[in-house]
Amino acid sequence: MSLHRDAQAVLAGWVAPTPEEERLREEFLTHLRGHEDAMWRECAPGHLTATTAVLSHDGERVLLTLHPKAGMWLPMGGHCETSDTTLAQVALREAAEESGIPGLTLLGGPLALDRHKVWCHPPHSWHLDVEYGAVAPPGAEAVISDESLDLRWFPVEEIPELSDEATRRLARRARSLCRA
């Protein structure tokens with residue numbers, strides 16, 4: 001199965017938890033139908049990306065990266081690569097690459113959708129972000145990658161102000177699933 005078909009299947013089968021995310025789900029599906037290159041950074045109007053909230057083994061802390069371009073504490077995530085075959089694989093690969101933590105366990109998902117403005121194609125384009133959660137093994141130690149200014153664990157309820165509501169929502173949803 002191609003990554004494009006996987007994204008269509010994942011989004012077609014996902015039940016959005018809010019009316020806003022249902023609108024995004026429909027928008028993402030329309031974008032996929034209209035753009036064969038919707039999965040790739042080269043798709044100028046926007047492209048699908050995957051983000052992962054990496055939780056501590058007990059689900060109480062979330063690992064966030066200080067993103068160099070956004071200047072905010074955000075979950076791990078990024079662009080699809082040609083070797084990826086599923087959105088879940090993109091989410092897990094990006095989380096492992098950016099956290100430096102081997103052995104992450106992906107929670108069921110997606111957990112959320114988000115659409116945000118980026119500068120991949122000036123003056124701007126959109127990331128159509130499909131969001132997941134993952135759990136780190138006990139004793140996991142994060143290693144800062146060259147894609148981050150800093151990397152820190154935060155209690156899920158104490159994500160710093162220099163973040164956004166989408167990050168807080170994803171961390172809470174991942175924690176809820178981890179506890180279930």
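**Exercise 1.** In this predicted model, determine which residues of helix H1 (residues 3-13) are buried and where they lie around the helix axis.

*Solution.* Begin with accessibility: Leu3, His4, Asp6, Ala7, Val10 and Leu11 are the buried residues of H1. Next, view the helix down its axis; these residues fall within an arc of 160°, so they line one face of H1. Then turn to the face directed away from the buried side, where the exposed residues Ala12 and Gly13 are found. Finally, identify the packing partners: the buried residues of H1 pack against two helices, H2 (19-34) and H3 (87-99), and against strands E1 (46-55), E6 (112-118) and E7 (125-135).

**Exercise 2.** Characterise the environment of Ala88 in helix H3.

*Solution.* Start with the relative accessible area of Ala88, which is 26%. Buried requires under 20% and exposed over 50%, so Ala88 is classed as partly exposed. Contacts come next: leaving aside residues up to four places away in sequence, Ala88 touches Leu106 and Tyr132. Leu106 is 18 residues from Ala88 along the chain, and their C-alpha atoms are separated by 7.8 Å.

**Exercise 3.** Describe the volume and the lining of the largest pocket.

*Solution.* The volume of the largest pocket is about 870 Å³. Its lining comprises 32 residues, and those nearest the centre are His67, Gly77, His116, Val118 and His127. Assigning the lining to secondary structure, two or more residues come from each of E1, strand E4 (76-79), H3, E6, E7 and helix H4 (165-179). Sorting the lining residues by chemical class gives 11 nonpolar, nine polar and 12 charged.

Key: Residues are numbered from 1 along each chain as its sequence is written. This is a predicted model: local features need pLDDT of at least 70, side-chain atom pairs count only at pLDDT 80 or more; totals for chains, interfaces and linings use all residues. Side-chain values use heavy atoms; hydrogens and water are left out. Buried means under 20% relative accessible area, exposed over 50%, partly exposed in between (1.4 Å probe, protein chains only). Helices (H or I, at least four residues) and strands (E, at least two) are DSSP runs, numbered from the N terminus. The arc is that of the directions from the helix axis to the C-beta atoms. Contact means heavy atoms within 4.5 Å. On a 1 Å grid over the protein atoms alone, a cavity is a set of points where a 1.4 Å probe fits but cannot get out, and a pocket is an open set with protein on both sides within 12 Å along at least five of seven lines; lining residues have an atom within 4 Å of a point. Grid points are joined across faces, edges and corners, and a volume is the space filled by probe spheres set on the points. Ala, Val, Leu, Ile, Met, Phe, Trp, Tyr, Cys and Pro count as nonpolar, Asp, Glu, Lys and Arg as charged, and the others, Gly among them, as polar.
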